[in-house]
Amino acid sequence: MNTNPVNRGYFGIGVEGISKPMNLGAVLRTAHAFHASFCFTIGANINVREVLASDTSVAIDNMPVNIYQDVASFTLPIGCRLVGIEITDDAIDLPSFTHPPACAYVLGAEKDSLSPELQERCDFIIKIPTRFCVNLSVAGAIVMYDRMISLGRFAERPVRVGGPTAPLAAHKRGLPVWKQKQLKKQNNSV
């Protein structure tokens, strides 16, 4: 079984207005498990000591965690797309969404939605097609899992019930596509 998928790009995940330290600890721990590059909070109202008590992986020692006072001070790396996770009428269903290679996902607080100001800054708004809202740390985990299975390198699912019968084919390495085209062009002109 492939336990180290090859992904390109990076991602981060954060929460706007979070107030429950156990939820933030769960988001941090899960993000660390899914190889997030960074985490963040916007306008958080939490006790850091309580968050550390719930984050058993000590994610803050293993990836950057940025704390922003408000949406106006929130920044992302150049080229990083912002993806809001929110139930709205025009949100894209997660199973139909193609994840950007470089992005940050943001969730709303436990008893609230993403602020209109933050939704306006999002490149995309996605939703998990469930009957009702799930816990914010569960929603974050579902989105990170979907990113991993859609962008990772795994063996094809078999047609029958069960796991793959053949191992994942070895990754083929070679020259970059632009270099291959250049060499082909040179060979054709000779």
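In this predicted model, the buried residues of helix α4 pack against β1 (10-16), α1 (21-33), β4 (81-85), β6 (102-107) and β7 (124-127). The partners thus named comprise strands and a helix, and the residues of α4 that face them can be listed in turn: Leu136, Ser137, Ala139, Gly140, Val143, Met144, Asp146 and Arg147 are the buried ones. The list includes Asp146 and Arg147 alongside Leu136, Val143 and Met144. Helix α4 itself covers residues 136-151, 16 residues in total. From its first C-alpha to its last, α4 reaches 22 Å, close to the 22 Å expected at 1.5 Å a residue.

It helps to place this helix in the chain as a whole. The chain holds 5 helices and 7 strands, and from the N terminus on its elements follow the order β-α-β-α-β-β-β-β-α-β-α-α. Of the contacts between residues at least 6 apart in sequence, 79% join residues at least 24 apart. Along the principal axes, the C-alpha atoms fill a box of roughly 65 × 40 × 40 Å. Buried residues account for 36% of the 190 residues. The accessible surface amounts to about 12300 Å², and carbon and sulfur atoms contribute 54% of that surface.

Charge makes a natural next topic. The chain carries 19 positive and 16 negative charges, and the mean positions of the two sets lie 17 Å apart. Side chains of opposite charge can pair when their charged atoms come close. With a cut-off of 4 Å between a side-chain nitrogen of Lys or Arg and a carboxyl oxygen of Asp or Glu, the count comes to 1 salt bridge. This salt bridge is formed by the side chains of arginine 81 and aspartate 123, at 3.7 Å from N to O. The pair links distant parts of the chain, 42 residues apart: arginine 81 belongs to strand β4, whereas aspartate 123 sits in the loop between α3 (116-121) and β7. Strands β4 and β7 are also among the elements against which the buried residues of α4 pack. As for solvent access, arginine 81 has a relative accessibility of 35% and so counts as partly exposed. Aspartate 123 is likewise partly exposed, because its relative accessible area is 39%.

The loops offer a few further details for readers who like to check backbone geometry. Histidine 35 is not a glycine, and yet its phi is positive, at about 65°. Histidine 35 is placed in the loop between α1 and β2 (38-42), and its relative accessible area of 60% makes this residue exposed. A positive phi also occurs at valine 58, near 50°, again in a residue other than glycine. Valine 58 lies in the loop between α2 and β3. With a relative accessible area of 34%, valine 58 is partly exposed.

The loop between α2 (48-54) and β3 (65-68) also contains aspartate 61. Aspartate 61 counts as exposed, since its relative accessibility is 62% and the threshold for that class is over 50%. Between aspartate 61 and proline 129 there are 34 Å in space, C-alpha to C-alpha, and the two are 68 residues apart in sequence.

How values were computed:
Residues are numbered from 1 along each chain as its sequence is written. This is a predicted model: local features need pLDDT of at least 70, side-chain atom pairs count only at pLDDT 80 or more; totals for chains, interfaces and linings use all residues. Side-chain values use heavy atoms; hydrogens and water are left out. Helices (H or I, at least four residues) and strands (E, at least two) are DSSP runs, numbered from the N terminus. The expected span of a helix is 1.5 Å times one less than its number of residues. Buried means under 20% relative accessible area, exposed over 50%, partly exposed in between (1.4 Å probe, protein chains only). Contact means heavy atoms within 4.5 Å. Accessible areas come from the Shrake-Rupley method with a 1.4 Å probe; for residues, only the protein chains shown count as cover. Lys and Arg count as positive and Asp and Glu as negative; His and the chain ends are not counted. The place of a charge is taken as NZ of Lys, CZ of Arg, CG of Asp or CD of Glu.
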